[in-house]
Amino acid sequence: MECFRFRSPFCSLASTIPLLLLCFILTTTNAHNITRMLAQHPEFSTFNHYLTVTHLAAEINRRQTITVLAVDNAGMSEILAKHLSLPTLKNVLSLHVLVDYYGAKKLHQITDGTTLTSTIFQASGAASGTSGFVNITDLKAGKVGFGTEDGKLTATFVKSIKEIPYYISVLQISKILTSEEAEAPVAAPSLNLTEILNMQGCKAFADLLKETGAEKTFDENVDGGLTVFCPIDAAIRGFANKYKNLTAAKKTSLLLYHGFPVYYSLQMLKSNNGKMNTLATDGKQKYAVTVQTDGEDVKLETKVVTATITGTVKDEDPLVVYKIDKVLQPTELFEAGSEPDDEAAPAPKASKKAKSKAKGAASDEDAEADAPADDSEDTTADEDNAAANLSAEKLMATVFFAVCLWIF
């Protein structure tokens, strides 16, 4: 009462603390990650893998109200046996992502016992009419059936895997859901690596690929899956002296060292730290790169240099291209612990006018390294969660400071 009588500013702080705490709870609650949830259940590893490579995981993590109908590894074998293309498989799996919240309890409380609910497949625009809807029917006696819009129930509810009311629910169903429309062939995207590199600040790297003929090897691997690490133009210029002293064969090996013959989204790189084979690999542990997560950064390590991924140029399965801030130098070509990169070597003294120009050039190069990536289909799950967690940390710091003021 004394506090309110004198209208102390500390009273206002004290009264707002519960509201701040409530905001903190709300901020952190809806930051879900489907990949991490399913990773705790190995029996869903195949389903989890294909959510990632089709980019559906990122779509799920972006949405605040969602239900995922997961199928175990045995259930996934039925659809994988059809050898569908990745874009077609994405449509099938999109039928398993409902754009509404259904916990285990709600399944038995459906009005009139049956309902049609929209899916990511319907929301994508790829489904005609109501072919992107899923039928959910309470069959009583604890059973719930699921089917596509034709009314035929082909799967049943097995159990609840994870529920965060009313943000995300992950439920297991007995069989895969599919339809003729979902399985209709989808043309694979046409991807021209050289064109992509030339348009996105990787022209110097693209020129080297063309000059050495390494471009052909990269192109041959696109359809089967390819991850490319493009050193920014400034890094290529700074590395020029070392590069020109290499033989033609070594130049080709160096460039092939910047490609993985597998598609790796950013989330996949973060989840698969360790040694990775490159396009230059021709033997066990030869020309391998170590991928290492450092907080929210992904680093590529050799014993000579460590490069950081600074942006995404293109991410359209089966191709992903990342910008990196340094040229990767394999120990097969360069001595471990050798002199610093040319770009990091001290520059000779220059006049004030030259220094001014150099400062401007450096700013331009920094801007190039930090330039936003090209619009891509997806944002990774971790990027979404990192933003939410950062906001939560800032809010928590504010709450802590307010509590201290109130106490003292």
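At 81% relative accessibility, A141 counts as exposed (exposed means over 50% relative accessible area, buried under 20%, and partly exposed in between, with a 1.4 Å probe and protein chains only). That residue is a friendly way into this predicted model, in which local features need pLDDT of at least 70, side-chain atom pairs count only at pLDDT 80 or more, and totals for chains, interfaces and linings use all residues. Residues are numbered from 1 along each chain as its sequence is written, and side-chain values use heavy atoms, with hydrogens and water left out.

**The chain as a whole**

- Along the chain there are 18 helices and 14 strands; helices (H or I, at least four residues) and strands (E, at least two) are DSSP runs, numbered from the N terminus.
- The chain has 408 residues, and buried ones make up 44% of them.
- If you take the contacts between residues at least 6 apart in sequence, 66% join residues at least 24 apart, where contact means heavy atoms within 4.5 Å.
- The accessible surface comes to about 20900 Å², and carbon and sulfur atoms account for 54% of that area (Shrake-Rupley method with a 1.4 Å probe; for residues, only the protein chains shown count as cover).

**The sheet with strands 1 to 7**

- One open sheet has 7 strands in the order 2-1-7-6-5-4-3, with mixed pairing.
- Its edge strands are strand 2 (97-98) and strand 3 (114-118), each of which pairs on one side only; two strands count as paired if DSSP finds at least two bridges between them.
- As general background, strands of a sheet pair through backbone hydrogen bonds, either parallel or antiparallel.
- Strand 4 and strand 5 take the antiparallel sense, with 6 bridges between them.
- Across from N135 you will find G147, in strand 5.

**Two loops in that region**

- The exposed A141 from the opening sits in the loop between strand 4 (133-140) and strand 5 (143-148).
- A141 has a phi near 55°, a positive value in a residue other than glycine.
- Have a look at P165 and Y166 too: a cis peptide bond joins them, with omega at about -10°.
- Y166 belongs to the loop between strand 6 (153-164) and strand 7 (168-173).

**The sheet with strands 8 to 14**

- Another open sheet of 7 strands runs in the order 9-8-14-13-12-11-10, and its pairing is mixed.
- At its edges are strand 9 (259-260) and strand 10 (274-276), and each pairs on one side only.
- Strand 8 (residues 226-231) and strand 14 (residues 319-324) pair in the parallel sense, over 6 bridges.
- C230 has K323 as its bridge partner in strand 14.

**Around V289 and Y287**

- V289 is part of strand 11 (residues 289-294).
- With a relative accessibility of 1%, V289 counts as buried.
- Beyond its neighbours within four places in sequence, V289 is in contact with Y257, F260, G274, K275, M276, T278, L300, E301 and L328.
- One of these partners, K275, is 14 residues from V289 in sequence, and the two are 5.4 Å apart from C-alpha to C-alpha.
- Y287 is placed in the loop between strand 10 and strand 11.
- Although Y287 is not a glycine, it has a positive phi of about 55°.
- Y287 is buried, at a relative accessible area of 8%.

**Salt bridges**

- The structure holds 10 salt bridges, each defined as a side-chain nitrogen of Lys or Arg within 4 Å of a carboxyl oxygen of Asp or Glu.
- In one of them, R63 meets E59 through their side chains, at 3.0 Å from N to O.
- R63 is partly exposed, with a relative accessible area of 28%.
- Another salt bridge links K106 and D100, whose closest N and O atoms are 3.8 Å apart.
- Both ends of that pair are partly exposed: K106 has 31% relative accessibility, and D100 has 29%.
- D282 forms a salt bridge with K286, with 3.9 Å between the closest N and O atoms.
- Here D282 counts as exposed at 58% relative accessibility, while K286 is partly exposed at 36%.
- Through salt bridges that share partners, E59, R62 and R63 are joined into one network.
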